[in-house]
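Hi there,

Here is the structure I promised to pass on to you. Have a look at it first, and then read on for what turned up when I went through it.

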Amino acid sequence: MSIKLLGRAAADGASITLLEPTAMTITRAYDSPAEMLEITFPHEGAIPDLTDIQVSHDQDILFRGYCDEIIRAVDDSGATVTINARSPGALLLDNEAKPAAYQNLTARTYFNEVLGPFGFRVLTVPDEAKKAASYTVPKGRSVWEAFSQLCFLLYGREPYLNDRMELRVEALPSAATMLVNNDPAVDAARYCSLEYITRRSSALSQIIFKDQKGGYTQLLKNPFGNPLKVNRGRYVIPAPEFSATVPSLDAYQRIIRGERGVHSIALSLPKLYNIHPGRMIGVQAPLCGEQLMAAFGVKIIYNYTGCRTRVVLADPVYL
């Protein structure tokens, strides 16, 4: 398996070709804009500080991002370098949003003014003209949190960052672009393990949230029903982003996140699949029947035993 590594020196920006890794893990998640890389490769002698690193396999770029940590080590087995890095979406997590109160704010306006300076250029939303009459960014919110909450306030849906560095606020496609099936008569990706999980402990049956007078008087029952007969409630103080306009949205967002974890599928695939969160995957197996779900978490693992891809699938209704 040929994996190519290319680093960039901090001192002069020169490109440095690195040796093929002995171990690598790439982690991706639907609810985070930052992909994570941990990679180890042999290296004799000094290596300069690096600003960024690119990992490619054949024609695919598996990872491109900024180096967070470089560990140079030597022991009885030889000299190695380990790099921990994150994709450019990490800038949205690492930078704090300016605390401010906005009026008549659109997602496009906030995107252009706050996310644009970090290099993000493409945004897709259901309605460009929709405005939040008032929107408060409290102290301590990251840029990603502030933008995500604005999108949820406007559209009832959180944004996600695709593999082309485009931010999208939209429902996922309704058709699978990948099929997983172990029947040798079916043209599909094979799995070496599959788990179909029902987690009742993830769901909420109701939330009582604080009204503007300070009393816990407002009730939101789970709008998706309660087929698993869960009895689990919470008392919630609405976040500042929602409290002045639609305080029930805070409760609704918590219920959606709970529903997201009720049903999931965990797959282990026996080779490298360059899957990104949000990809629609069809699964056909006696254990779960036919399921159409979305990639929520992806982990590509490479070491001396070979390469495998682990994928956690979630119900796209709640993404």
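**What I found**

Let me begin with one strand: Tyr216 is found in strand S16, which covers residues 216-221. Please keep in mind throughout that this is a predicted model. Tyr216 is partly exposed, its relative accessible area being 37%. On the surface, Tyr216 forms a nonpolar patch with Tyr235 and Ile237, and together the three have about 370 Å² of accessible area.

Now for the overall picture. The protein has 319 residues, and 46% of them are buried. Its secondary structure comes to five helices and 21 strands. If you are setting up a box, the C-alpha trace spans about 65 × 55 × 35 Å along its principal axes. The accessible surface comes to about 16000 Å², and carbon and sulfur atoms account for 50% of that. I also looked at how contacts are spread along the sequence: of those between residues at least 6 apart, 62% join residues at least 24 apart.

Next, the charges. The protein carries 33 positive and 33 negative charges, and the mean positions of the two sets are 8 Å apart. Side chains of opposite charge can pair when their charged atoms come close. In this model there are 15 salt bridges, and here are a few that you may like to look at.

- Asp94 and Arg86 meet through their side chains in a salt bridge, at 2.6 Å from N to O. Asp94 is partly exposed, with 48% relative accessibility.
- Glu128 and Arg108 form another salt bridge, in which the closest N and O atoms are 2.7 Å apart. Glu128 sits in the loop between strand S9 (123-124) and strand S10 (132-137), while Arg108 belongs to helix H2 (residues 107-115), so this pair ties together parts that are 20 residues apart in sequence. Both partners count as partly exposed, Glu128 at 40% relative accessibility and Arg108 at 22%.
- Asp163 and Arg164 are paired as well, with 3.7 Å between the closest N and O atoms. Asp163 is partly exposed at 45% relative accessibility, whereas Arg164 counts as exposed at 52%.

Which residues join Asp163 and Arg164 in a network of salt bridges? They are Glu166, Arg168 and Glu170. Arg164 itself is found in the loop between S11 and S12. For a sense of distance, the C-alpha atoms of Arg164 and Ser77 are separated by 39 Å, and the two residues are 87 apart along the chain.

That loop brings me to backbone angles. Met165 lies in the loop between strand S11 (160-161) and strand S12 (167-168). Although Met165 is not a glycine, it has a positive phi of about 65 degrees. Met165 is partly exposed, with a relative accessible area of 30%.

Lys229 also has a positive phi without being a glycine, in this case of about 55 degrees. Where does Lys229 lie? Its place is the loop between S16 and strand S17 (233-236), and S16 is the strand that holds Tyr216. Is Lys229 buried or exposed? With 69% relative accessibility, Lys229 counts as exposed.

One more loop residue is worth a look on your screen. Ala244 is in the loop between helix H4 (240-243) and helix H5 (248-260). Ala244 is exposed, with a relative accessible area of 55%. What does Ala244 touch, leaving out residues up to four places away in sequence? Its contacts are Ser134 and Gln212. Ala244 and Gln212 are 32 residues apart in sequence, and their C-alpha atoms are 8.4 Å apart in space.

If you would like a short tour to follow in the viewer, here is one:

1. Start at the nonpolar surface patch of Tyr216, Tyr235 and Ile237.
2. Go on to the salt bridge between Glu128 and Arg108.
3. Move to the salt-bridge network that includes Asp163 and Arg164, and look at the positive phi of Met165 while you are there.
4. Finish at Ala244, with Ser134 and Gln212 as its contacts.

Happy to talk any of this through once you have had a look.

Best wishes

Notes: Residues are numbered from 1 along each chain as its sequence is written. This is a predicted model: local features need pLDDT of at least 70, side-chain atom pairs count only at pLDDT 80 or more; totals for chains, interfaces and linings use all residues. Side-chain values use heavy atoms; hydrogens and water are left out. Patches are made of residues with over 30% relative accessible area and no salt bridge: like charges are joined within 9 Å, nonpolar side chains (Val, Leu, Ile, Met, Phe, Trp, Tyr) within 5 Å. Accessible areas come from the Shrake-Rupley method with a 1.4 Å probe; for residues, only the protein chains shown count as cover. A salt bridge is a side-chain nitrogen of Lys or Arg within 4 Å of a carboxyl oxygen of Asp or Glu. Helices (H or I, at least four residues) and strands (E, at least two) are DSSP runs, numbered from the N terminus. Buried means under 20% relative accessible area, exposed over 50%, partly exposed in between (1.4 Å probe, protein chains only). Contact means heavy atoms within 4.5 Å. Lys and Arg count as positive and Asp and Glu as negative; His and the chain ends are not counted. The place of a charge is taken as NZ of Lys, CZ of Arg, CG of Asp or CD of Glu.
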